[in-house]
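I am opening a page on a structure that is new to me. I want to note which charged side chains pair up and how the helices pack, one lookup at a time.

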Amino acid sequence: QRCFQARKDALKMRQRCEASVKDAEGATHALRNARMSKRKSSGDNVTTSVLMLPQSVDDGEAELSLEETLKRFGSTHGLVKNCEAVASALADIEASEMKYVDLVEAENVAVADAQDIERQALDAAQ
C-alpha cells in the first residue's frame, strides 16, 4: 500500500513538472512574440534582429542569475510582465522537480522496505 501511494504521488508530481514545462514554453513564446511585436512597431527589421536573451552578459559584472537577466531584459525592452511570467514558470519547474525527486526517493525507500519484508517472509517460510 505504501509503495503504491508513493508511486502515485511521484507520478502526480511528474505530471505537474510536465505541465510547468509547457507553461514555461508558453511564457517564452509569449515573450518572443511580444518582443517581435515591439520591434515591428518600432520599425526594426525583425527578420535580421536577434530575438533571444543573451547567453552571457560581459559588462564587467559577475554573471547574473537567469531571473536577474530576465528582469533587466524586461525593463530594457518594456516587457516586464512577460519576463516575470517566464521567471515564475521556471521557478515552478524547479520547485516541482525538487518535489518529484523527493517523492521518487520516498518511493524507492518504500520499495526497499517491501522487499525486505518479502525476504523476511520467505526466510520464515523456509
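**Entry on D116 and its partner.** I began with D116, which is partly exposed because its relative accessible area is 35%; I note here that the model I am reading is a predicted one. I then looked for a partner and found R119, whose side chain meets that of D116 in a salt bridge with 2.8 Å from N to O. Both residues belong to helix α3, where they sit 3 residues apart, about one turn of the helix. R119 has a relative accessible area of 47%, and since the partly exposed class runs up to 50%, R119 is also counted as partly exposed.

**Entry on the other salt bridges.** How many salt bridges does a search of the whole structure find? The search returned 5, and I followed up two more of them, beginning with the one between D113 and R2, in which the closest N and O atoms are 2.8 Å apart. I wrote down that this pair joins distant parts of the chain, with D113 in helix α3 and R2 in helix α1, 111 residues apart. D113 itself is partly exposed, at a relative accessible area of 30%.

The next pair I looked up was R7 with E107, whose side chains meet in a salt bridge at 3.2 Å, N to O. R7 is in helix α1 and E107 in helix α3, so this salt bridge ties together parts that lie 100 residues apart in sequence. Is E107 buried or exposed? E107 counts as buried because its relative accessibility is 11% and the limit for that class is under 20%, whereas R7, at 35% relative accessibility, counts as partly exposed. As a reminder to myself, side chains of opposite charge can pair when their charged atoms come close.

**Entry on α1 and α3.** Having met these two helices through their salt bridges, I checked how they lie against each other. The axes of α1, residues 2–41, and α3, residues 80–125, come within 8 Å and cross at roughly 165°. Angles over 145 degrees count as roughly antiparallel, and α1 and α3 are therefore described as roughly antiparallel to each other. Their crossing is left-handed, and I copied down that the residues of this contact divide into 25 nonpolar, 4 polar and 11 charged.

**Entry on α1 and α2.** I turned next to helix α2, residues 66–77, which packs with α1 at an angle of about 30°, the axes being 12 Å apart. That angle makes α1 roughly parallel to α2, and α1 passes α2 in a left-handed crossing. On the α1 side the contact is made by L31, R35 and K38, and on the α2 side by L70, F73 and H77. By type these residues divide into 3 nonpolar, 1 polar and 2 charged.

**Entry on α2 and α3.** Which way does α2 run relative to α3, roughly parallel or roughly antiparallel? The two pack at an angle of about 165° with their axes 8 Å apart, which makes α2 roughly antiparallel to α3. I recorded their crossing as right-handed. In this contact L66, E67, L70, F73, G74 and S75 of α2 meet V80, C83, V86, A87 and L90 of α3, and the residues involved divide into 8 nonpolar, 2 polar and 1 charged.

How values were computed:
Residues numbered from 1 in each chain as written. Predicted model: local features only at pLDDT ≥ 70, side-chain atom pairs only at ≥ 80, totals over all residues. Heavy atoms only, no water. Axes fitted to C-alpha atoms, helices over the stretch in contact; angles between N-to-C directions. Helix = DSSP H or I, 4+ residues; strand = E, 2+ residues; numbered from the N terminus. Parallel < 35°, antiparallel > 145°, perpendicular 65-115°, else oblique. Left-handed = near helix turned anticlockwise from the far one by under 90°. Nonpolar A, V, L, I, M, F, W, Y, C, P; charged D, E, K, R; others polar. Salt bridge = Lys/Arg side-chain N within 4 Å of Asp/Glu carboxyl O. Buried < 20%, exposed > 50% of the residue type's maximum accessible area, 1.4 Å probe, protein only. Contact = heavy atoms within 4.5 Å.
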